[in-house]
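Work through the exercises below with the structure open beside you. Each one sets a task and is followed by a solution in steps.

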Amino acid sequence: MPQGRNARARQGALGGAVERGRERRLGLTSLYCDLSDVSGEARRAWEAEWEWRGAAADPEKLSGGKQSSRANILKMTTPNKTPPGADPKQLERTGTVREIGSQAVWSLSSCKPGFGVDQLRDDNLETYWQSDGSQPHLVNIQFRRKTTVKTLCIYADYKSDESYTPSKISVRVGNNFHNLQEIRQLELVEPSGWIHVPLTDNHKKPTRTFMIQIAVLANHQNGRDTHMRQIKIYTPVEESSIGKFPRCTTIDFMMYRSIR
């Protein structure tokens, strides 16, 4: 190989290594996205990142040789790990929600002996449910009456569970097993912590349902069985009608009876 070509090859390899090292330091992974759905500071950040890379993407190449009707496509970067949510106990301390998992009947599609519902609900992050069957792996949560639910919290730990960790989860609600409808689908990347799943509609209104089903559709590294360490369900705390009136004391009550 001529010396000039050797130099260019070394320079190209060095440039690629520098860029890959930068992505690893930032915790980024590359993909192609349509920036027409991104605005404000997020868009400017992506554009600056692409400008650093030294070129703009070619929409024709990205669309398989056909000019895209939405040509505003750039190479973007996104975090490659699912960030953990806050500890649900912080939600409870606000007084705006209440955990209602104890009011439901829980069942599983399968479980290894000693790794079932009790372990999902024991408030211990060291224990877990382990499935023992074919996918999808299901957690069924059934209420005796129609119940308002606002948030679902799931604890997963990729560092401990590796290929047992869910990578795709579907959350469904309905009256019973026969009319469940999916309201959320999550793609998880090496989660280690609490995952908060809002059970609200487009207007932020909580869902009213008899049943929630959590379906594990896939695991990391194509694992067969799954681990979940904790699941919690929260309902909004409604303002008490008593709180709308001044608090009555014993003296007030005695005065009321004397007047009568």
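**Exercise 1.** Find the order of the four strands that form an open sheet, and state which sense their pairing has.

In this predicted model, where local features need pLDDT of at least 70, side-chain atom pairs count only at pLDDT 80 or more, and totals for chains, interfaces and linings use all residues, the four strands follow the order β3-β13-β7-β10 and the pairing is antiparallel. Strands (E, at least two residues) and helices (H or I, at least four residues) are DSSP runs numbered from the N terminus, and two strands pair if DSSP finds at least two bridges between them. Next, look at the edges: β3 (97–99) and β10 (192–198) stand there with a single partner strand each, so one side of each is left without a neighbour in the sheet. From one strand to the next the twist averages 25 degrees, where axes are lines fitted to C-alpha atoms, for helices over the stretch in contact, and angles run from 0 to 180 degrees between N-to-C directions. Finally, follow one pair in detail: β3 and β13 are joined over three bridges in the antiparallel sense, and Arg98 has Thr235 as its bridge partner in β13. Residues are numbered from 1 along each chain as its sequence is written, and side-chain values use heavy atoms, with hydrogens and water left out.

**Exercise 2.** Which strands are the edge strands of the open sheet formed by five strands?

Begin with the order, which is β4-β6-β11-β8-β9 with antiparallel pairing. The edge strands are then β4 (104–108) and β9 (181–187), each of which pairs on one side only. In this sheet the twist averages 15 degrees from one strand to the next. As a last step, take β4 and β6, which pair in the antiparallel sense over five bridges; here Trp106 has Ile141 as its bridge partner in β6.

**Exercise 3.** Describe the largest pocket by its space, its lining and the strands that supply the lining.

A pocket is found on a 1 Å grid over the protein atoms alone, as an open set of points where a 1.4 Å probe fits, with protein on both sides within 12 Å along at least five of seven lines, and lining residues have an atom within 4 Å of a point. Grid points are joined across faces, edges and corners, and a volume is the space filled by probe spheres set on the points; by this reckoning about 250 Å³ of space lies in the largest pocket. Its lining includes Arg98, Arg145, Thr235 and Glu238. β6 (137–149) and β13 (230–236) each supply at least two residues of that lining, and the largest share, four residues, comes from β6.

**Exercise 4.** Decide whether Cys111 and Cys153 are buried, partly exposed or exposed, and state how many disulfides the structure holds.

Apply the cut-offs, with buried under 20% relative accessible area, exposed over 50% and partly exposed in between (1.4 Å probe, protein chains only). Cys111 counts as partly exposed because its relative accessibility is 36%, whereas Cys153 counts as buried because its value is 0%. A disulfide is a pair of cysteine sulfur atoms within 2.5 Å, and the structure holds zero of them.

**Exercise 5.** Locate Asn124, and find how far apart Asn124 and Gln230 are in space.

Asn124 is in the loop between α5 (117–120) and β5 (129–130), and it counts as partly exposed at 31% relative accessibility. Asn124 and Gln230 are 106 residues apart in sequence, and their C-alpha atoms are 7.5 Å apart in space.
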